[in-house]
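This report addresses a predicted model. Please examine the sequence and coordinates below before reading on.

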Amino acid sequence: MIDIRVQAEPFDYGQECADFAAAQDGAGAVVTFCGIVRGDGGLEAMEIEHYPGMTERALTAIADEAARRWALTGVLVLHRHGTLSPGAHIMMVATAAPPRASAFSAADFLMDYLKSRAPFWKKEHRPEGPSWVAAKASDEDALTRW
Amino acid sequence: MTLEILYFAWLRERIGAARETVETDAPTVAALVEELRARDPHHAAALSDLSALRVAVDQELRDFDAPLAGAREISFFPPMTGG
């Protein structure tokens, strides 16, 4: 019921959502989230580096923790790496549970932890040159909610 | 002991290598960082501020006072920015 995917290839968000929902047994709610490369400020490309091996382990640990806290029927975490263009889908999460509150909370939890506990790093390519995205203190602070 | 050291993101760029193998008797991550800083100016600059770094021991996030006994793969990187 936990599906973790780390890949360079694009994914079809609509198809993934439909497939995920169709595979759930006993769920009354499915919540999905998709992260998209913003093209603001003249961004030309977003490069995503990750730590093969640890990435999958960290995402699995975060999904396991979500499944421990809420009664979920399914969890999907899919994250791309490599060079992405503005408008491209970077990642998605999907959660399913009998009541919607659990699915919403679990998706929120997954996103908060994924941002600062899974080994991904973003580098922005702009006309003035490339720069690594700095982590925000608010991302770390968000974990205290849980 | 022999350790594989991995670097990611701007740390990899500043050090000029994604990985290196080191022989060390350092008891902790912090002691290993001291040894790595002494290698050359690139290591010294990249590893100068521990508050800007995160470390994983055998692919698990740890603190800098974590022991190295039994470890094989130590990775240094900036705070993560996924999602």
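The sections below describe the contact between the chains and then the sheet of chain A.

## Interface of chain B and chain A

In this predicted model, 25 residues from chain A and 20 residues from chain B form the contact. The buried area between the two chains is about 1900 Å², with carbon and sulfur atoms giving 55% of it. On the side of chain B, the greatest losses of area to chain A fall on B:M80, B:T81 and B:G83, which together account for 37% of what that side buries.

## Polar and charged pairs

Between chain B and chain A, 15 residue pairs are in polar contact, both residues being at pLDDT 80 or more. The rule also finds 3 salt bridges across this interface. The side chains of B:R12 and A:E49 form a salt bridge, at 2.5 Å from N to O.

The side of chain B that touches chain A draws at least two residues from each of α1 (9-15), β4 (60-62) and β5 (73-77) of chain B. Of these, α1(B) gives the most, with 4 residues. By class, that side holds 5 charged, 5 polar and 10 nonpolar residues.

## Sheet of chain A

An open sheet of 4 strands in chain A follows the order β1-β4-β6-β2, with mixed pairing. Because β1 (2-7) and β2 (29-36) of chain A each have a single partner strand, one side of each is left without a neighbour in the sheet. Neighbouring strands are turned by 5° against each other on average, direction ignored.

Strands β4 (residues 74-80) and β6 (residues 89-97) of chain A run antiparallel and are joined by 6 bridges. A:L76 is placed opposite A:A94 in β6(A).

## Helices on the sheet

Helix α2 (residues 54-69) of chain A packs on the sheet, where it touches β1 and β4 of chain A, and its direction makes about 155° with that of β1(A). Helix α3 (residues 100-117) of chain A lies across β2, β4 and β6 of chain A, at about 145° to β6(A).

How values were computed:
Residues are numbered from 1 along each chain as its sequence is written. Chains are lettered from A and ligands numbered from 1 in the order in which they are written. This is a predicted model: local features need pLDDT of at least 70, side-chain atom pairs count only at pLDDT 80 or more; totals for chains, interfaces and linings use all residues. Side-chain values use heavy atoms; hydrogens and water are left out. Contact means heavy atoms within 4.5 Å. Buried area is the accessible area (1.4 Å probe) that two parts lose on being put together, summed over both. A salt bridge is a side-chain nitrogen of Lys or Arg within 4 Å of a carboxyl oxygen of Asp or Glu. A polar contact is a pair of N or O atoms within 3.5 Å; within protein, one must be able to donate a hydrogen and the other to accept it, and residues adjacent in sequence count only if both atoms are side-chain atoms. Ala, Val, Leu, Ile, Met, Phe, Trp, Tyr, Cys and Pro count as nonpolar, Asp, Glu, Lys and Arg as charged, and the others, Gly among them, as polar. Two strands pair if DSSP finds at least two bridges between them. Axes are lines fitted to C-alpha atoms, for helices over the stretch in contact, and angles run from 0 to 180 degrees between N-to-C directions.
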